[in-house]
Amino acid sequence: MRVIYLMLLLLSAAVSAKEEDRYAKVQIEAKAVAEHIYMLTGSGGNMAAVTGPQGVLLVDAQFAELAGKINAKLQQISANGKIATLVNTHHHADHVSGNKVLGQGVAIIAHQNVYQRLNADDKFDKKGLPTVLLQQPLQLMLNNVELELIPMPVSHTDGDVVVWFKQANVLHTGDLMFAGRFPFIDLKSGGSIAGYIENTRQLIARIDDNTKVIPGHGDLTNKAGLQQSLQMMEETLALVQSYKKAGLTLDQAIAKGLGEKYKSWHWNFITEKRWIETLYQA
Ligand SMILES: [Zn+2]
């Protein structure tokens, strides 16, 4: 008994050391995309920061373990590095786990369904719950940067918000875009395949060829990148629907695959198999 207990202890210590290690290696990088606007990357969903003397508006918070590094980076890039406002694009852990540290004492703004989901989640630290709940678009002004938080119809989840910097011509899509990769559509959290595709069309209609697009995951991109995502989704959906129409089971559809053209969109989280499983539910 005691030996097993000791082994379990050692095992859990090894696991948590590995977790710490995972964050220890992560660097927070900041890329200027417009005056007073940065894209920040580390581990998890891409962040954006509005910087300047009035403090920082941060879009998404990644993981609490990275909060120290995120704050240090904000000190470097902003005249006043103190966070004034935190925005969550949706409820997934890689976008909100840092709320409990980075959102302390400031307004945390999110879609009202994000509040409902996080409040019902036992694993979520309630210190990080959103305090301003959106149902309608909200305009904000900070450091002379104008931005609009726009709740979107169901797509990645049922609580997605995109951030539109109209003057600066920058769009943060949250997870309404995975640049160059098959997207995650969280059907269990109210997401919708048809909604995801339709919202991509809506975003394309809103922007122009010079718009800088910060995707939820992947590299900084633009309208052409969103158009490629849209085309990929339309074509692969039509393909999987043709398989279903021909009577293929899900396993047969997976075995048939999507062909050479979409190989590069496959990644460790949303593999070709998982994307077919998603599309098969449409
Ligand atoms: Zn997500």
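Let me start with one pair of residues: in this predicted model, Leu57 stands opposite Thr85, which belongs to strand β5. The two strands behind that pair are β4, covering residues 56–59, and β5, and they pair in the parallel sense over 4 bridges. The connection between them includes helix α2, residues 67–77, and together β4, α2 and β5 make a right-handed β-α-β unit.

Strand β5 also pairs with β6, residues 107–111, and here 3 bridges join the two strands, again in a parallel run. Within that pairing, the bridge partner of Leu86 is Ile108 in β6. As for its surroundings, β5 is mostly covered, with 4 of its 5 residues buried.

From β5 I would like to move to the metal site. Which residues are the protein donors of the zinc ion? They are His90 through NE2, His92 through ND1, His156 through NE2 and Asp175 through OD, lying 2.1 to 2.3 Å from the ion. Along the chain these donors follow the spacing H-x1-H-x63-H-x18-D. The pair His90 and His156 links distant parts of the chain, since His90 sits in the loop between β5 (83–87) and α3 (93–96), whereas His156 sits in the loop between β9 (145–151) and β10 (161–165), 66 residues apart.

Why is the arrangement of the 4 donor atoms called irregular? The angles they subtend around the zinc ion range from 85 to 172°, and four donors would count as tetrahedral only if all angles lay between 85 and 135 degrees. For orientation, the ideal angle for four tetrahedral donors is 109.5 degrees.

Are these two histidines buried or exposed, taking His90 to begin with? His90 counts as buried because its relative accessibility is 0%, and His156, with a relative accessible area of 0%, is buried as well.

The loop that carries His156 lies between β9 and β10, and that brings me to the sheet in which those two strands take part. Here 5 strands form an open sheet in the order β8-β9-β10-β11-β12, with mixed pairing. Its edge strands are β8 (138–142) and β12 (212–214), each of which pairs on one side only. On average, neighbouring strands of this sheet are turned by 20° against each other, with direction ignored.

Inside the sheet, β10 and β11, the latter spanning residues 170–172, pair in the antiparallel sense over 3 bridges. I will finish, as I began, with a facing pair: Phe165 stands opposite Val170 in β11.

Notes: Residues numbered from 1 in each chain as written. Predicted model: local features only at pLDDT ≥ 70, side-chain atom pairs only at ≥ 80, totals over all residues. Heavy atoms only, no water. Donors = N, O, S within 2.8 Å, 3.2 Å for Na, K, Ca; no water. Tetrahedral: all angles 85-135°; square planar, octahedral: opposite > 155°, others 65-115°. Buried < 20%, exposed > 50% of the residue type's maximum accessible area, 1.4 Å probe, protein only. Pairing = 2+ DSSP bridges. Right-handed = clockwise from strand over helix to strand, strands pointing away. Axes fitted to C-alpha atoms, helices over the stretch in contact; angles between N-to-C directions.
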